[in-house]
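Me: Please take a close look at a single part of this structure. Start with one residue, then move on to what lies around it in the chain.

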Amino acid sequence: MIGKTQIKTIFATCIYKNKNFHRQKNRMKLNLRYLVILIICLYACNQEPKKTKTNDPVSYVNALVGTNANNKFSHGNTYPAVALPWGMNFWTPQTGTNRDNWIYTYHSDSIRGFRQAHLPSPWIGDYGAFSLMPVSGKLKFTDRERAAYFSHHNEMAQPYYYQVLLPDEHILAEITPTQRCARMRFTFGHPQDCYVVLDAFSQGSKINIDATGCKITGWCRNNSGGAPENFACYFVMVFDEPFEAFGTWTPDSVFAERAELECKHTGAYLHFGKEPRQVNVRIASSFISIEQAIRNLEQEIAGDTFDTVCQKARNVWNQHLERIVVEGGTDDQLKTFYSNFYRVLLYPRTFYEFDDAGNPIHYSPYNGKVEKGYMFTDNGFWDTFRSAHPFYVLMFPEQSEKIMQALVNSYNEGGWLPSWASPGYRNAMIGAHAASLITNAYGNGIRNFDVNKAYEAVLKDCFEKAPRPYMGRYGFDEYNKLGYVPFPEYKEAVSATLEYAYDDYCIMKLAEMLGKTDDVAKFRKRAENYKNVFEPKTRFMRARRTDGNWFTPFSPFQWGGPFTEGNSWQYSWSVFHDPQGLINLMGGNKAFVLKMDSVFTVPAGRYSLYDREYNEVFEMFATGMGQYAHGNQPIQHMLYLYNYAGEPHKSQQRLRTVMDELYSFKPSGYCGDEDNGQTSSWYLFSALGFYPVCPGSSQYVLGSPIFQKATLNLANGQQFVISAPDNAPANVFVKSTKLNGNPYSKLFLTHNDIMSGGIFELEMGTVSNKNRTFTKDDLPFSLTK
């Protein structure tokens with residue numbers, strides 16, 4: 001699928017740049033070999049279907065979005081995941097060394113392998129990783145030795161297909177995925193030794209080579225935490241032709257013709273002769289057993305060719321992306337929209353497989369046993385509760401239903417709901433936001449899970465001590481007694497207080513739906529605990545000591561300490577469930593709006609209590625938007641809060657600015673961590689013109705759509721159309737709205753409005769209508785009426 005303009009590059013690499021070409025005695029025979037390889041490349045080029053705007057949205061996706069990042073400055077911290085939606089395995093080119101969590105960075109110029117990855121974030125780390133690397137000429141084993149030069153000019157990265165030319169190796173490498181498997185194709189274009197090298201990584205691995213069956217089986221145990229002692233990723237690889245020689249290796253030794261090896265870090269190599277050739281391999285893995293990996297291979301690939309698997313994968317992506325059809329934007333906006341859509345559909349990761357009868361089973365990362373039912377992982381709810389999971393509930397309720405079943409399974413198997421899973425419990429981030437996921441799903445019609453068991457689990461988070469940090473509620477006892485988490489006894493105490501108060505609101509709503517009257521009153525009161533860390537004099541959220549006094553010194557600019565990856569400028573708006581209550585604390589609508597305006601005008605500053613150069617601080621500074629740190633999650637909902645004060649035009653203008661300036665489809669397409677679909681889902685909702693400020697309320701607060709038309713093809717068979725025919729880059733303001741032909745004055749849509757189908761019409765203009773007035777019923781939900 002190389003573009004036609006790149007064929008010259010391939011030809012030059014394969015023929016004209018071959019220094020020994022004119023010295024060969026049998027030039028005609030050699031030339032024919034190169035022509036064969038060139039024909040293969042041309043064939044691959046011609047497999048790329050033409051782009052159509054109506055039925056091929058995946059063609060707009062750039063899988064390299066967000067890859068121009070490192071540990072000091074993030075433009076996404078992503079990698080090009082070749083996968084199906086919510087795939088159990090991702091496949092990616094690896095530019096970093098095996099131990100580098102930034103496994104692919106756009107500024108790199110060499111590839112060390114084509115890797116099975118499960119990395120949800122470089123800050124969390126990978127697990128169950130191994131790689132294959134085609135090598136020509138001299139046999140090279142370790143990740144540093146086998147690094148091969150590449151150029152982005154000769155690279156294509158899409159969700160269903162990856163291709164790259166390794167010119168110095170004279171190799172064209174291709175990958176296409178299924179949920180748990182992949183096909184790789186390596187085209188060797190030079191008459192020299194052709195090898196494929198397997199690296200099973202460190203932390204323990206085993207390899208067995210079956211030369212008769214052209215097959216490798218084995219397992220690897222590498223992980224970054226959150227895994228029981230018996231954790232392993234089992235794999236099988238079946239090649240389409242015999243190999244002439246083989247062996248195993250460790251970083252220090254090579255064992256020619258040795259078929260089996262188990263140690264801390266194992267690898268294997270296969271030699272396919274010296275003639276130009278194409279080597280195909282089918283790969284599958286499992287977290288249950290080698291037998292299950294073989295079953296996965298038979299279930300998902302069987303005898304399908306590379307091109308068949310590729311076309312099926314493309315079709316799957318289009319079927320998912322066609323849930324939303326957008327029209328009337330620029331080509332760049334279409335690319336940005338569908339590239340973000342791709343990122344949203346990667347997580348949470350499928351962690352279940354199917355037995356012979358087709359029933360879901362999974363290796364439990366919580367108890368180390370093989371259990372029945374669904375399991376998902378690689379998700380940080382601190383990020384994704386905000387809009388990623390609400391997006392699944394709205395657009396993919398059938399998937400959200402499985403995720404809810406999996407949450408209950410996690411609780412049954414591990415005793416606690418996860419907050420950050422990868423693959424099991426991880427010590428990361430605050431909050432107990434499984435309560436948000438459960439309440440939002442149940443309240444919006446997803447009922448096929450054990451909600452009573454889920455309710456038991458969220459209550460346990462509130463009232464029982466967890467065996468380790470970041471399970472349950474950190475500082476729960478003090479929070480229950482004082483109404484806040486004290487500082488400095490507990491780090492990140494203010495952030496925890498604010499997020500627990502929101503979680504308490506979610507539990508109140510769930511109790512209400514389940515008819516648990518006593519709990520409704522109890523958690524209604526607890527949902528107001530955010531007021532306990534609001535300091536009236538400064539009108540900021542602020543840390544308190546156990547004795548009730550305010551912690552000093554205090555600066556709203558200081559990152560860290562009592563705040564999680566932010567400061568008081570960002571966290572003072574984290575009252576998702578009661579913006580009206582926050583407005584009252586700040587002195588009314590006018591004072592509230594002025595405070596929000598000042599977020600964008602006060603100096604950005606670089607004040608940090610962290611013990612390292614903190615990337616989020618620099619990313620905020622680089623946007624030039626004062627203290628508005630969109631690259632991190634706590635403030636992402638804030639732009640919509642102008643609606644609650646009756647000034648939606650300010651939301652509309654700032655939302656368009658953020659979408660236009662801080663998002664693109666390019667490798668630098670984000671202004672911070674993408675974080676498991678959260679930052680991408682913010683864009684999707686905002687581009688459509690609404691956003692779930694308070695998941696659990698069943699409302700979506702209105703903004704400013706960027707397309708002239710967007711059609712939501714809902715899972716229930718209905719269509720909801722957002723129509724803004726006069727929309728344009730300059731027409732950022734909403735002058736009036738209609739719902740199903742009737743004038744509509746509310747500043748929100750309900751979940752039922754959308755799921756019932758219909759048309760939402762917006763009249764857009766270049767000048768804001770500041771004279772619009774709103775009744776209390778027009779304003780979005782707040783706990784304080």
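Reply: D675 is buried (under 20% relative accessible area, with a 1.4 Å probe and protein chains only). Yet D675 has no salt bridge (a side-chain nitrogen of Lys or Arg within 4 Å of a carboxyl oxygen of Asp or Glu). The nearest side chain of opposite charge, R386, is 8.4 Å away. Here Lys and Arg count as positive, Asp and Glu as negative, and His and the chain ends are not counted.

This is a predicted model, where local features need pLDDT of at least 70, side-chain atom pairs count only at pLDDT 80 or more, and totals for chains, interfaces and linings use all residues. Residues are numbered from 1 along each chain as its sequence is written, and side-chain values use heavy atoms, leaving out hydrogens and water.

D675 sits in the loop between α18 (648–662) and α19 (678–688). Helices (H or I, at least four residues) and strands (E, at least two) are DSSP runs, numbered from the N terminus. Beyond its neighbours within four places in sequence, D675 is in contact (heavy atoms within 4.5 Å) with D383, T384 and Q633.

Next, the sheet. Three strands form an open, antiparallel sheet in the order β29-β30-β35. β29 (690–691) and β35 (748–750) are at the edges with a single partner strand each, so one side of each has no neighbour in the sheet. Two strands pair if DSSP finds at least two bridges between them. Strand β30 (residues 699–702) and β35 pair over 3 bridges. V701 stands opposite F748 in β35.

Note on methods: Buried means under 20% relative accessible area, exposed over 50%, partly exposed in between (1.4 Å probe, protein chains only).
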